[in-house]
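Open the structure in your viewer and keep the selection tool handy. We'll go from one stop to the next, picking residues and looking at what is around them.

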Amino acid sequence: HAPFVVTLLMLSVLAFGGIAAFNIGVDPFRAFRTSFSEARFAKAWVGTRRVSKGEVLRHGECRVLLLGTSRVERGFDPAHPGLGGPSGGGYNMGLGATNMWEVLRVFRYAAEHEPLEHVVLGLDMLMFNANRQFEWDFRQSIFNESRRYPDYRLGTLLSKYAVDSSRKVMERTTQRVTDANDDRGFLPAGVWEGFDYRGESAKLLRGFMSNPKSYGPYDDDGTRWAMLQEVIDTCRARGVRLTIVMPPSHALDMEMLWISGNWNAFETWKRGIVTMVEKDNERARAADAGAWEIPVWDFTTHAGRNAEELPRRAEGAAWRPMRDWLETSHFTKAYGDDVISRMMGVQREGHAMPGDDLGALITGQNIEAHLARLREDRAWFVNRYPADARMVLNLWEQARKAKRENVLEAGG
């Protein structure tokens, strides 16, 4: 049987060697970065994957770390001068459909392996939803604390996930790719001419309303708050500057919170963040009168640039892009630039600084007045755009009806 065993071993080595060579050649996560893969496939890589984001950090030297959901990933450019500019060591680790559990582990990895100086933490209420567990590909990434490095590296070489990702990249090379992350993890996304803003936004809103990972229903069981506290404590202990921001949400996204009955939870969530930060700032000042304070910025409102109307396509009318929004869930890089400028006090050369009416710095002293203003903004929006408010209500009623029908079909 020896010849058979030897033959089997040789075939196995050839097979696994071929798979590894294929994945190194295509390099879907840019883990190996050979001259061949960078020239042929880098512009089509699957940069939004958790594995890919880990490789971005592993190949860089991160001093400014951006964390949050896809709103951060698509809207906050780590090369903004307020974050140190192109050579400032900024990296965007925003992750689609993420939660505090994932964000904490990305932060831990960066704190252990990178020379962190500043963390910009973008917080969305959905990150505290107990129904939103880690995404399946997080297990494959370098952020998975239970996975040893040799096992991780074998995964990027030989796993079915790696092969499928390589195939995906090869498909993307034949397409007009507009969603490839840059070398610092930023995804400067745009929309194509003729994009149906209203139709796509309605799909997003309907999905948010019915998905238990979002608002259908929202469940904060309290477990995610300790994760936020760890980020705060670690930054304070290591002298890493921390900025907390609630990124912009379009008015229709905000109205969804109201219509779905989650507005009280939204306000409670904001109060909780402010209270946690205020306590930390007070402790820091008590120990050192000159200690830096953690700011909390809020850009969520029904008004201002968040109320930009979705274009209505009149027959024969020319299509026009929105100024500040890709759809109701994601803002543009231009809007994100102004948000960063407002927080950091630095704008790109040739661009005007945004006004003081953009966003609000919230504290324990002004939180209740701020929340009252948000309720006033909501009343203004409903009065100014009644048809859009009714659209959100109709979508909510459709989602509830579909849920009742599903329960009845299941025998509930």
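Start at the second largest pocket, whose lining splits into eight nonpolar, eight polar and five charged residues. (Nonpolar means Ala, Val, Leu, Ile, Met, Phe, Trp, Tyr, Cys and Pro; charged means Asp, Glu, Lys and Arg; polar means the others, Gly among them.) This is a predicted model, where local features need pLDDT of at least 70, side-chain atom pairs count only at pLDDT 80 or more, and totals for chains, interfaces and linings use all residues. Numbering runs from 1 along each chain as its sequence is written, and side-chain values use heavy atoms, leaving out hydrogens and water.

Select T301, D357, L358, G359 and D377: of the 21 lining residues, these lie nearest the pocket's centre. The space here is about 460 Å³, a volume being what is filled by probe spheres set on grid points joined across faces, edges and corners. On a 1 Å grid over the protein atoms alone, a pocket is an open set of points with protein on both sides within 12 Å along at least five of seven lines, while a cavity is a set where a 1.4 Å probe fits but cannot get out; lining residues have an atom within 4 Å of a point. Now colour α13 (367-384), which gives the most to this lining, with five residues. (Helices are DSSP runs of H or I, at least four residues, and strands are runs of E, at least two, numbered from the N terminus.)

Next, pick S70, R74, G96, E327 and H330. They are the closest to the centre of the largest pocket, among its 32 lining residues. Its volume is about 740 Å³, and the lining has 11 nonpolar, eight polar and 13 charged residues. α4 (70-75) and α8 (197-210) each supply at least two of them.

How many cavities of 30 Å³ or more does a search of the whole structure find? Two. For the largest, about 120 Å³, select R71, D124, Y215, S249 and F266, the closest to its centre of 15 lining residues. For the second largest, about 40 Å³, show F195, D196, Y197, R198, P311, R313 and W319, which line it.

Last stop: helices α1 (2-26) and α7 (160-172), whose axes come within 10 Å and cross at roughly 45 degrees. Show I19, F22, N23 and V26 in α1, which meet A162, V163, S166, R167, V169 and M170 in α7 (contact means heavy atoms within 4.5 Å). These contact residues divide into seven nonpolar, two polar and one charged.

Notes. Axes fitted to C-alpha atoms, helices over the stretch in contact; angles between N-to-C directions.
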